[in-house]
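This report goes through selected local features of one protein chain. Look at the sequence and the structure first, then follow the sections below.

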Amino acid sequence: MKKRLLDWILCPRCGERPRLDVFQQERVELPSPVASPACAFYCGRHGVFRPAEMTPAPDCNACYQEEILEAALSCVCGQVYPVIAGVPRMLTNAREEYPDFFARHGLAGVPKRTEPAAAPVADGRSSKSFGLQWAVYQEGDHTWFKDDAGLRKREFLYNLDTTPEGLRGATLLDGGCGNGELTRAVAEYGPEIVAMDFSRSVEPARRRLFEKGFAVSHKVHYLQGNILEFPLLAKSFDMVHTSGVLHHTPSTYRAFRSISRAVKPGGKLYVQLYRRRPAWIHAINVSLRAVTTRLPMGLLYGLCYATTPLHAAASRLVHFLRGEPTPPKATARERAVQMFDNYSPRFQYRHTVPEILELFKSEGYTDLRDVTLDNEARHMLAVLGRRKLEGETLTAPPAAEAAQPNQQPMVQQPA
């Protein structure tokens, strides 16, 4: 963790800025220099708001060379958030999740909440499920049968309606970064990225970033957090990207409203969700999930892995019957991870493009576009919107135009 993250981090319980107490840090070399001031709202190294007004300008290169490995972020409300293995754990139940850390440093933290929350914000299975899913991942595996460093990196530009030049120097939040490989690949375009995930997948993601000596290691900041208990400053990112995440929370709508607040006025929000399927497919999926979401996760993953030959054969047959090109090749592990992602998490909601367009409008977004990729359109939908500027009047595009699937040429998934 770098102190740069303190520009964004807030206590998800009360919204105040936590105090940082460092227990262990190391000095790292920077692959490239950092412009000063790097922070826009708050300089955590000097404890100063509006760092652009600091005279002389802060030495951000020295700050970025301080890599914090273990620390505590303590809030005035009594909540304590650990920094473990270089990753802030901005979870309100951090004391239960990481008891060894609290015992090691003699920290109490806020006692476990005894009364239920007004609305559910998480469930125990989802975090562990995604943690297992990405622990199985090995470097070089394709994510959803796509190459992160190649195809998905190029598709990202279309999804956000941007260019490498448009990303250079921008701030980007990746909400639900999973294995972190797309995050790292996109960072090569030049933005500074906060990559957040509910699971512990951020640990191996950060480890790979530093072990491999990637040139963007100082521009990607991983943290563990819950979108429904949002730990970041509102209106602080130029772009927010969340792909295949919100529909796995207790409420897609609440998750959308939570993460959408992070976008600056004039900034962009990209959301990808499961698409509503035909009734007969939906019925089969719901019936299967009624069983699979109750199975021990290790057993379920084993079943997914064992049935990958069947999955591959069924996929080829369906493509043949539809007159479509042969589906891309995938390893048994890649197929098992995809099936596990569908059948393990407790929550799974499916939506329509018009429904999500209305959700964007309700939160003050304009310039709405259906940016669903042709190679994902059967299962997924994707919408891009721009947060209106202060005082700007919303102009809604014609309904037919807004809901029309993307027809623009792009790099397609190889057959």
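## A salt bridge between E203 and R89

In this predicted model, E203 and R89 form a salt bridge in which the closest N and O atoms are 2.8 Å apart. E203 belongs to helix α8 and R89 to strand β6 (residues 87-90), so the salt bridge ties together parts of the chain that are 114 residues apart in sequence. In general terms, side chains of opposite charge can pair when their charged atoms come close.

Are the two partners covered by the rest of the protein? How each one counts depends on its relative accessible area. R89 has a value of 0%, and because buried means under 20%, R89 is buried. E203 has a relative accessibility of 25%, so E203 counts as partly exposed.

## A second link, between K2 and E67

K2 forms a salt bridge with E67, with 2.7 Å between the closest N and O atoms. This pair also links distant parts of the chain: K2 is in the segment before β1, E67 is in strand β4 (residues 66-74), and 65 residues separate them.

Both values of relative accessible area fall under the 20% cut-off for buried. K2 is buried because its relative accessible area is 3%, and E67 is buried because its value is 2%.

## A pair within one helix, and a network

The salt bridge of E181 and R184 has an N to O distance of 4.0 Å. Here the partners are three residues apart, about one turn of the helix, and both lie in helix α7 (residues 181-187). E181 and R184 are both buried.

E181 and R184 are also part of a network of salt bridges, which links them with K153, E188 and R208. In total, the model has 24 salt bridges.

## Cavities

How many cavities of 30 Å³ or more are there? The count is four. The largest cavity holds about 90 Å³ of space. It is lined by 15 residues, and those closest to its centre are C39, C43, R45, C60 and C63. Helix α1 (residues 60-64) gives the most to this lining, with three residues. By type, the lining of the largest cavity has nine nonpolar, two polar and four charged residues.

The second largest cavity has about 80 Å³ of space. Its lining includes K2 and E67, the two partners of a salt bridge described above. The other lining residues are M1, G86, R206, L209, F210, S217, V220, H221 and Y222. Two elements, α8 (202-211) and β9 (220-225), give two or more residues each to this lining. Five of the lining residues of the second largest cavity are nonpolar, three are polar and three are charged.

## Backbone details

Most residues other than glycine have a negative phi, and most peptide bonds are trans. Some places in this chain depart from that pattern. A cis peptide bond joins S36 and P37, with omega at about -5°. P37 is in the loop between β1 (19-27) and β2 (42-43). Another cis peptide bond joins T55 and P56, and omega there is also about -5°. P56 sits in the loop between β3 (48-49) and α1.

Which residues other than glycine have a positive phi? D161 is one of them, with phi near 50°. D161 is in the loop between α5 (148-159) and α6 (164-167), and its relative accessible area of 44% makes D161 partly exposed. D367 is another, and its phi is near 50° as well. D367 lies in strand β12 (residues 365-370), and with a relative accessible area of 43% D367 is partly exposed.

## A nonpolar patch on the surface

W280, I284 and L288 make a nonpolar surface patch of about 340 Å². I284 is in helix α10 (residues 279-292).

Why does I284 count as partly exposed? Its relative accessibility is 46%. Buried means under 20% and exposed means over 50%, so a value in between makes I284 partly exposed.

Terms used:
Residues are numbered from 1 along each chain as its sequence is written. This is a predicted model: local features need pLDDT of at least 70, side-chain atom pairs count only at pLDDT 80 or more; totals for chains, interfaces and linings use all residues. Side-chain values use heavy atoms; hydrogens and water are left out. On a 1 Å grid over the protein atoms alone, a cavity is a set of points where a 1.4 Å probe fits but cannot get out, and a pocket is an open set with protein on both sides within 12 Å along at least five of seven lines; lining residues have an atom within 4 Å of a point. Grid points are joined across faces, edges and corners, and a volume is the space filled by probe spheres set on the points. Helices (H or I, at least four residues) and strands (E, at least two) are DSSP runs, numbered from the N terminus. Ala, Val, Leu, Ile, Met, Phe, Trp, Tyr, Cys and Pro count as nonpolar, Asp, Glu, Lys and Arg as charged, and the others, Gly among them, as polar. Patches are made of residues with over 30% relative accessible area and no salt bridge: like charges are joined within 9 Å, nonpolar side chains (Val, Leu, Ile, Met, Phe, Trp, Tyr) within 5 Å. Accessible areas come from the Shrake-Rupley method with a 1.4 Å probe; for residues, only the protein chains shown count as cover. A salt bridge is a side-chain nitrogen of Lys or Arg within 4 Å of a carboxyl oxygen of Asp or Glu. Buried means under 20% relative accessible area, exposed over 50%, partly exposed in between (1.4 Å probe, protein chains only).
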